[in-house]
Amino acid sequence: MSLKRLENLQRLTPHLASISLLALVSTLVYLIRNNGNVVHLDPRVFLQQGQIGNQNNSKIGNENNSSKACNLFSGKWVYDNISYPLYNEKKCTFLDYEFGCVENGRKDLKYQNWRWQPHTCDLPRFNSTALLEKIKGKKLVFVGDSLNRNQWTSMLCLLQQHLSVSPKTSNRGPERIDNLYYHHVAEYNATIGFYWSPMLVESNCDEIKPNRNWPHVARIKSIERHGKYWIDADILVFDSFAWWMTYEITILWGSFGSPHAVYKTKMNRLRRYEIALSTWSDWVEVHVNRTRTKLFFMSASPFRPGRTRWSTDPSCYKKSEPTFNESYVSSFMNRDMMYIVESTIEKLLRRGVKVEYLNITELSAHREDAHPATDRLIRNPTLTKDQWKNPAIYSDCLHWCLPGVPDIWNEILYAYIMKL
């Protein structure tokens with residue numbers, strides 16, 4: 001290379017560096033503005049292609065650009081009756097009747113065939129063997145309400161469907177210790193559990209029974225009774241939202257039955273939720289082993305508040321197709337309560353505790369076709385003829401049919417676990 005050309009190249013180098021920096025900034029600005037959601041730059045939301053197990057030839061991002069980040073929560077529903085459902089409802093021995101819509105008489109099965117497709121990559125397909133290898137010798141526990149039990153049941157179905165061909169695999173039914181249900185896979189010495197704690201903090205709803213106490217009473221500053229069952233877990237998946245949406249919650253300072261206890265029947269819904277999550281976050285900061293235990297928090301599973309048996313609107317009644325309007329979710333979700341979760345997680349991060357926030361709200365909001373609706377009424381022999389004349393008011397638009405939407409939640413959770 002001639003001396004003159006070398007000098008010209010040296011003069012251009014600062015300009016090339018500036019152009020590269022400008023391109024990087026422009027890319028970041030684009031990502032921030034994408035869908036108007038700043039959390040797209042949050043490392044808790046992004047996954048890098050090279051960090052995720054490539055199971056069943058699944059890819060994250062563009063294979064020609066391995067460094068491209070992907071937001072797994074921004075995408076669309078695609079009909080796929082080849083790859084989905086991921087398992088057969090009738091072959092899952094762990095499926096509760098509340099979630100078994102086919103068993104309860106549903107005829108339209110199209111709700112099982114929708115695949116979630118992120119805009120800029122592919123969601124890794126669930127590989128049960130890879131997951132069990134990853135959590136070998138470990139304990140995965142879902143903590144929360146019946147929606148988290150919905151997700152836990154999905155996880156058991158996903159694991160059983162793939163492992164049933166192995167004669168060495170233990171397929172025993174879930175065992176129970178207090179509020180903790182768990183299934184142990186002997187071949188991998190792995191435990192997958194669910195702990196019932198609908199408000200995370202202690203409440204008069206902690207007893208596991210069909211008809212819970214009313215009104216709900218929450219010991220908003222007490223969590224230790226539950227927390228002692230979480231300490232030895234390697235992966236914790238929390239959720240708590242739906243039970244806090246009701247206005248009729250009494251807040252208790254003190255112990256149940258104590259003459260010195262203080263009950264407060266009127267407290268702002270956002271404030272009581274904020275205090276409860278603060279109690280949870282304080283427990284996490286003090287008791288969780290930060291180098292061992294990985295933490296996840298599921299965002300709100302969407303529903304329209306109403307006056308059905310599950311305090312929801314019967315909007316899912318007779319729905320048979322997803323909703324494709326991308327602004328649909330904003331019309332009915334309580335964004336202020338969701339912000340409290342996000343703010344609590346951000347505060348924990350500043351205190352040195354990382355919690356992955358899995359924002360499944362919007363992707364789930366388009367799937368009102370995938371709720372049990374009135375399918376589970378067949379199991380309710382107490383309904384009168386007059387009540388059967390208006391079945392919509394008994395529509396379960398809160399929980400989800402399985403196979404269905406919670407399987408997608410677990411595919412996303414799987415992607416995160418595989419990169420740990």
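This passage describes the disulfides of a predicted model and the burial of their cysteines. Residues are numbered from 1 along each chain as its sequence is written, and side-chain values use heavy atoms, with hydrogens and water left out. Because the model is predicted, local features need pLDDT of at least 70 and side-chain atom pairs count only at pLDDT 80 or more, whereas totals for chains, interfaces and linings use all residues.

With a disulfide taken as a pair of cysteine sulfur atoms within 2.5 Å, the count comes to four disulfides, and their pattern in the protein chain is 1-4, 2-5, 3-8, 6-7 when bonded cysteines are counted along the chain.

The sulfur atoms of cysteine 70 and cysteine 121 are 1.8 Å apart, and the torsion about their S-S bond is about -50°, so this disulfide is left-handed. Cysteine 70 lies in strand 2 (residues 69-71) and cysteine 121 in the loop between strand 4 (114-118) and helix 2 (128-134), 51 residues apart; helices (H or I, at least four residues) and strands (E, at least two) are DSSP runs numbered from the N terminus. Both cysteines, 70 and 121, are buried, that is, under 20% relative accessible area, where exposed means over 50% and partly exposed lies in between (1.4 Å probe, protein chains only).

Cysteine 92 and cysteine 157 are joined with their sulfur atoms 2.0 Å apart, and this link, with -85° about the S-S bond, is left-handed. Cysteine 157 is buried, with a relative accessible area of 1%, and cysteine 92 counts as buried at 8%.

A disulfide also joins cysteine 101 to cysteine 401, 300 residues apart, and both of these cysteines are buried.
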